[in-house]
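The exercises below ask you to read a protein model step by step. Try each task on the structure before you read its solution.

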Amino acid sequence: MTISNKSALELSKHTLAKVNKIHLALPLTLVTSLLIVGCTTDSRSMLTSKASSSTAQLQSQPQPSSPVAYTYGVRPFYLIKDMDEGPLKQELQACKGQLPSKTDFSIAHRGAPLQLPEHTYDSYVASAQMGAGILECDVAFTNDGELVCRHAQNDLHTTTNILTTPLAKQCTVPPVLDAQGKLTNADSIECRTSDISAAQFKTLTGKMDAANKKATSISEYMNATAPWRTDLYSQNGKVLTLKEHIALARQLGMKHTPELKTPAVTMPFNGYRLDDYRQQLIDTYKAAGVPASDVFAQSFNIEDLDYWIKNEPAYGANAVYLIDDSNETADDKTFNKNDASTWKHSLADIKARGINTIAPALWLLVTTDGKGNMQPSEYAKQAKANGLKIITWSIERSGPLTDGGDWYYSGLGDAINNDGDMMNYIDVLAQDVGVQGIFSDWPATVSYYANCKGLK
C-alpha cells in the first residue's frame, strides 16, 4: 500500500543555509499530532538469489530528504511538568526554549510506536522528526528470501491487517470460523512473514500491535489497541522491506540498528541456513554502501554476535548484544540484577568474546536504595568496570506510571509513581549508569533530555 498524495504534506520551497531548495515530505499524522515548538536543520548525513528486487526502491511515495524539520511536540513538556520538584526539573524546564536537534543518544524503537504503527513509513519519519539519530529495523524473512521489518517473524496477525485479506488463508495457523461465522481460535492464530512472499508482504497495512485473544470475530480480534495508545494514525501503515528501510534511514540522515530476529521456523528453512540469514543482513547493508561505522547490528542470540565478530569484523565491532532475563539467566536461577551468581554469562566473559556493546533492558541497569532513590545496579556497575559500552531499551513502551509501571520498571516501585519519574529514570541511566543511547517508542522524550544535556 502506497501513501497517497493526500496523506503527505510537502513543505513549501525555501532556501536553507548551504542547501538549495530542499523539500521534506511530512506525514500528515505528524502535522496534526505534534505541536512544533522549534525547528532546526541538519545536513549530515541463502534464499537471497530468490529475493524479489521490486521492493528495493521507495519510488512510489514522496521522499523525505535530510535536513529534517525537528520537533518535540507536547509530550516532553507534559512529563517535565509532572515531575516532582527538584534541580533536574528546574534544569529541564530551563531548556524549554531550546531548538530541537538530532542526537544519536535517542534511538527510535521500531519508529514511534507509542502512537503510530511500528515499523511503518509514517512511524519511521516521525521518529526522525523527533530527533532520533538511529533507526531500528527488526529483521525477519519472507518465503522468497527478502528481509523485511517486523518485530517478530510471527506477528503479522497482530501488527498488520493480514486477517482481513485473502493472505489469511496462508497463515501458519489461519483464523477458523464456524458455520455461523464465529471466530473459534482467537487464542492460536499465527501469521508469519515466512508464510508469504515479499510482494505479498508489501500489500499489507501496518496497524497498532494488539489482539484480543478472546474475540469471536476478526474485527473484534483486531480492534484491541490499549486505551493509552491510539488508532488515529493507523490509516496508511506502509510496511517496508529492509532495503527500503535502509534507503529511508539514509534519506532521513539516520544511522542504522537492525535486529536479527530469532526465526519462528525450523532452520534450515527450504535450504536457508541460520548463517545465511546472519550474513544476508550484513550483505544488505554492504550492498547499499552503508559503512560499518553507521550500522549497529543487534541480537538476543549471542551466537549471532559470535558469527559477525568472526566473519564480518568491521560490523561485528559495533554489534550489540541485547540482554534481559529471558536470555541471560543462569540455569535454575531467577535473574537478580544485583547478584552475579544468577547471570548466565559474567560481564567479563561477554567482553572476552569480543563484544563491545551490550543493551540490557532498562530495569536491569537501575535499582533503588529502598528510600525512593534510583541508582546503578550491580549489573550496570560490572558492565562499566569491564569496559562495555551500554545502551538500553525501551522508554515510552508503557502506559501511565501512577501505579509504578510495568516490566520495564521492575524493582523500582518505590521510586516510580508518576509519569514525570520517567525523566528521572532517563537521568539516572545517562548520568549514573553512563548509557550511550536509549531506545524509545516516542523519541522526542529522550531527544529533549539529550539536547538539554548536550548529549550528541
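**Exercise 1: a residue at a helix**

Ala 352 lies in helix H12, where helices (H or I, at least four residues) and strands (E, at least two) are DSSP runs numbered from the N terminus. Decide from the model whether Ala 352 is buried or exposed.

Solution. Begin with the ground rules: this is a predicted model, in which local features need pLDDT of at least 70, side-chain atom pairs count only at pLDDT 80 or more, and totals for chains, interfaces and linings use all residues. Residues are numbered from 1 along each chain as its sequence is written, and side-chain values use heavy atoms, with hydrogens and water left out. Next, take the cut-offs: buried means under 20% relative accessible area, exposed over 50%, and partly exposed in between (1.4 Å probe, protein chains only). Because its relative accessible area is 67%, Ala 352 is exposed. Finally, follow the chain to Asn 386, which is 34 residues away in sequence, and note that the two C-alpha atoms are separated by 9.4 Å.

**Exercise 2: the strand after the helix**

Work out which strands pair with S9, and describe how its two faces are covered.

Solution. First, recall that two strands pair if DSSP finds at least two bridges between them. Strand S8 (residues 320-323) runs parallel to S9 and is joined to it by 4 bridges, and Ile 323 stands opposite Pro 360 in S9. Strand S12 (residues 389-390) is also parallel to S9, with 2 bridges, and here Thr 357 has Lys 389 as its bridge partner. Then look at the faces of S9 (residues 357-360): Thr 357 and Ala 359 are buried on one side, while Ile 358 and Pro 360 are buried on the other. Lastly, S8, helix H12 (residues 347-352) and S9 make a right-handed β-α-β unit; a crossover is right-handed if, with the strands pointing away from the viewer, the path from the first strand over the helix to the second runs clockwise.

**Exercise 3: an enclosed strand**

Explain why strand S4 can be called largely enclosed, and trace its neighbours.

Solution. Start with the count: 10 of the 10 residues of S4 (residues 132-141) are buried, so the strand is largely enclosed by the rest of the structure. The chain arrives there from S3 by way of H4, in a β-α-β crossover that is right-handed. Strand S3 (residues 103-108) pairs with S4 in the parallel sense over 3 bridges, and Thr 103 has Ala 132 as its bridge partner. Helix H4 (residues 121-129) is itself mostly covered, with 9 of its 9 residues buried, and Gly 131, which follows H4, has a positive phi near 95 degrees. Strand S6 (residues 255-260) is parallel to S4 over 6 bridges, with Cys 137 opposite Pro 258. Strand S5 (residues 147-149), in contrast, pairs with S4 in the antiparallel sense over 3 bridges, and S4 and S5 form a hairpin with 5 residues between them, in whose turn Gly 145 has a positive phi of about 85 degrees.

**Exercise 4: the whole model**

State how many helices and strands the protein has, and how confident the predictor is.

Solution. Count the elements first: there are 16 helices and 14 strands. Buried residues make up 58% of the 456 residues. For confidence, use pLDDT, the predictor's confidence in each residue, from 0 to 100: the protein averages 89, and 85% of the residues score at least 70. Over residues 1-62, however, the pLDDT is below 50.

Conventions:
Contact means heavy atoms within 4.5 Å.
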